[in-house]
Amino acid sequence: MVSTEKPGPAVASTPVVEERGSFRADITPRGIPRAVREYIARVRGGDPGALPSVLGLLVLGIIFAATTTDFLSKTNIANLLAQASFISLIALGLVFVLLLGEIDLSAGTTGGMCAAFAARSLVSNDLHKAVGNVVFFALLVFMLVTIVLGVLSRSYVGPGIIAIGIILMLTGAQQDNQWLAFLFAISIGVAVGTLSGVLVARLGIPSFIVTLALFLAWEGVQLYALNNQSISTTNYNYWFGLTHNNMATWAGWLLFALLAGGYLAVTLVRSLLRGRDGLSHDTLLLVLIRAGVVVVLGGLITWFLNQNRGSGLIAIAGVPWAASLPIIIMVIWTLALSKTTWGRHLYAIGGNAEAARRAGIKVDRTKINAFQICSGMAALGGLFLADFSGGATTGLGQGDILLFSVAAAVIGGTSLFGGRGRPRDGIIGALVIAMIPNALHLHNQQEQANEVITGLVLLIAASVDAISRRRARTAR
Amino acid sequence: MSEPILKITGLNKSFGAIQVLHNVDFAVYPGEVTALVGDNGAGKSTLVKCIAGINSIDSGELLWEGRPVRIQSPNAASALGIQFVYQDLALSDNLDITANMFLGRELTWGPFTLEGRMERMAREKLTELSVRTVSSVRQVVNSLSGGQRQTVAIAKAVLFDTSKVVFLDEPTAALGVAQTRQVLDLVRRLADNGLGVVLISHNMNDVMEVADRIDALYLGRLAAEVRKTDTTHAQVVELITSGRSGDIGLSAATAAQSA
Ligand SMILES: Nc1ncnc2c1ncn2[C@@H]1O[C@H](COP(=O)(O)OP(=O)(O)OP(=O)(O)O)[C@@H](O)[C@H]1O
Ligand SMILES: [Mg+2]
């Protein structure tokens, strides 16, 4: 509790107030001791951030490394990253919805359905003929309606993406280009998100109900799209590459240099500018230490993944796309959430929707945006998942995928109660979640054990979330 | 004596068949604290909501700086320079002081927020209001005491110099002695800085301490507007409970009829 009204020694009361208040922390630079103190205060005040998930990652990693022979092998780590990729992409999207205190239970089947339409387009080379009039025009009308719904709520980017999807459908361009097929899948995802967003934000139906209903609906549509038959996607080189191919080693190093260098540049410039403007800023030492940690960790990971992990004559090396793409997307979403008004408004709505409304924030539109992002990311995750599973199968995205993704976001530190969370939570959480089946597999354990353990991990994460929330409440 | 900046005459408001406000006259003066008092259900909050544009009015005239205006939405009120601090504060617990003060009207460069500029302005505003109890404008509101939160809510209302009138609905209701002190001092300073302040309160001690004028509502009618210097605690209480006191207030007939 940071209250200056706390009874202190009477004689010293004036100087104490002067020392504690007076914006002291705003005008002095922030060095290492203060950064550490503030961090501890934040964790104790109910915002553990990434701490539990990083600890979980370390503890599980150590246990698994000690009890299996292969866990830390280069091949297995690369495998682990592929397993984590689709969970992290779906979780990245879920973070936006969770930030509002809402949920999207349909994310898994949305991904499966969108991947199904993309696969059917590519395989059939004529989506219209393949799915028949009813399904084709139903999809077309659905997408048109969501454009109208979106525009009526003054959302324009989402409807723009959906419009691209419609153009693809009408021209058939997505049928012979994998990238356009991916875009098509994402545009269907955005249409799905627009629908659930409008139902939640405008009609006020609880998101739990809306997305539970849609969860079922998309499962059915997916079967229409596939005509009840799984479609293999392994023949499509780019699609196959999503979770199977690696970046060239030089490209991996370049990406590392861009991300680490970008981080250093941004934090350094920020510190210098704030210092110049007489604002609290991190000291040069703190900035350099933090950037140093990023450089060392990122460098080690890049180096590790750039080692040859092939067993035979063919060298397999490089950062898997399954790792780099989610990270690039995470960086973009992090900037959107932390540096823009839009991102701030999203947090504000999650913290106190009524306050946001009174402040003139377009609550409905922002909510719809969050659902659009969530479903669009679910579609992208569905594409990765399809590749990982060998194709757009009939049951793709059903089962535990959604639970795993929600668990990933929550384990990463995103609150189920809204208002707290970051994109990186989805990535760290997905690693924890993916580790469990991966290591159990090495232990030759059955699927049952995996589900029980993952379920328990989600419950633990939710408990940590609820306890920190209570701490935050009573800290006042 | 200065002219009122906001003047309301003959305001009537009904919800269905129930008339909640009868011919209410009410004025706000720059540099003065006007206390709006009245028993539960007297119509104080309804009057404020009518001015805020949250409730529509049936009849009556609003004069802003002498010009007739119609306020049909909360945005219209704030465009004129009228701000409201509602009793439930309307702060986002998960955001810091600066973010709360600028919520919905951030300083931006394209889509990006200008953190530094906003932090400096928030600090300057709080300093100007002599609020010095927070150590950082980047402190999350969640971690503030009740008095500090109330202070932030008020500072938020008067952040931009375009604010000329501010309505405070029971700002001290949930506060302890020391924190009430802080907020009352702040209320006084706002008026001393030239703002027109309307203070809604059930606490007569607070009212008698900071108000310049006291407007008593009695069952939807304005019983009386008195200057603080011309009245007593007991008289105000009487106006609140029976609508009249001695020869001021509603006529015996009106008071009896409305009751
Ligand atoms: N939306 C509404 N519909 C119907 N009646 C209402 C509505 N809002 C207020 N009222 C009625 O108007 C009367 C005045 O209410 P109001 O909230 O303005 O009182 P108040 O003076 O603010 O009381 P308090 O001190 O308890 O806050 C009450 O009888 C209340 O029941
Ligand atoms: Mg009231």
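A cavity is a set of grid points where a 1.4 Å probe fits but cannot get out. The structure discussed here is a predicted model, and by this rule it holds 1 cavity of 30 Å³ or more.

**The cavity**

The largest cavity encloses about 30 Å³ of space. Its lining is made up of Val48(B), Phe84(B), Val85(B), Tyr86(B), Phe167(B), Leu168(B) and Asp169(B). Sorted by class, these lining residues are 6 nonpolar, no polar and 1 charged. Strand 6 and strand 9 (165-169) of chain B each give at least two residues to the lining of this cavity. Strand 9 of chain B has the largest share, with 3 residues.

**The second largest pocket**

Rolling a probe the size of a water molecule over the atoms shows where empty space is left. The second largest pocket holds about 890 Å³ of space. It is lined by 32 residues, and those closest to its centre are Arg358(A), Ala359(A), Gly360(A), Pro74(B) and Asn75(B). Several elements each supply at least two residues of this lining: helix 16 of chain A, and from chain B helix 1 (44-52), helix 2 (74-80), strand 6 (82-85) and helix 5 (146-157). Strand 6 of chain B thus appears in the lining of the pocket and also in the lining of the largest cavity. The pocket lining has 18 nonpolar, 7 polar and 7 charged residues.

**Where chain A meets chain B**

How many residues does each chain bring to the contact? Chain A brings 36 residues and chain B brings 42 residues. Together the two chains bury about 3300 Å², with 49% of that area on carbon and sulfur atoms. Across this interface there are 10 residue pairs in polar contact, counting pairs with both residues at pLDDT 80 or more. On the side of chain A that touches chain B, at least two residues each come from helix 1 (13-20), helix 2 (24-27), helix 12 (249-276), helix 15 (341-351) and helix 16 (353-358) of chain A. Helix 15 of chain A gives the most, with 6 residues. By class, this side of chain A has 13 nonpolar, 12 polar and 11 charged residues.

**Salt bridges**

Side chains of opposite charge can pair when their charged atoms come close. Over all chains the count is 26 salt bridges, and between chain A and chain B it is 2. The table gives two examples.

| Salt bridge | N to O distance |
|---|---|
| Arg344(A) and Glu115(B) | 2.7 Å |
| Glu102(A) and Lys367(A) | 3.4 Å |

Arg344(A) and Glu115(B) form a bridge that joins chain A to chain B. The side chains of Glu102(A) and Lys367(A) meet within chain A. What does this second pair tie together? Glu102(A) lies in the loop between helix 5 (74-99) and helix 6 (107-124) of chain A, and Lys367(A) lies in helix 17 (residues 363-388) of chain A, so the pair links parts that are 265 residues apart in sequence.

Notes. Residues numbered from 1 in each chain as written. Chains lettered and ligands numbered in written order. Predicted model: local features only at pLDDT ≥ 70, side-chain atom pairs only at ≥ 80, totals over all residues. Heavy atoms only, no water. Contact = heavy atoms within 4.5 Å. Buried area = accessible area lost by both parts, 1.4 Å probe. Salt bridge = Lys/Arg side-chain N within 4 Å of Asp/Glu carboxyl O. Polar contact = N/O pair within 3.5 Å; in protein donor to acceptor, adjacent residues only side chain to side chain. Helix = DSSP H or I, 4+ residues; strand = E, 2+ residues; numbered from the N terminus. Nonpolar A, V, L, I, M, F, W, Y, C, P; charged D, E, K, R; others polar. 1 Å grid on protein atoms, 1.4 Å probe; cavity = no way out; pocket = protein on both sides within 12 Å on 5 of 7 lines; lining within 4 Å. Points joined across faces, edges and corners; volume = space filled by probe spheres on them.
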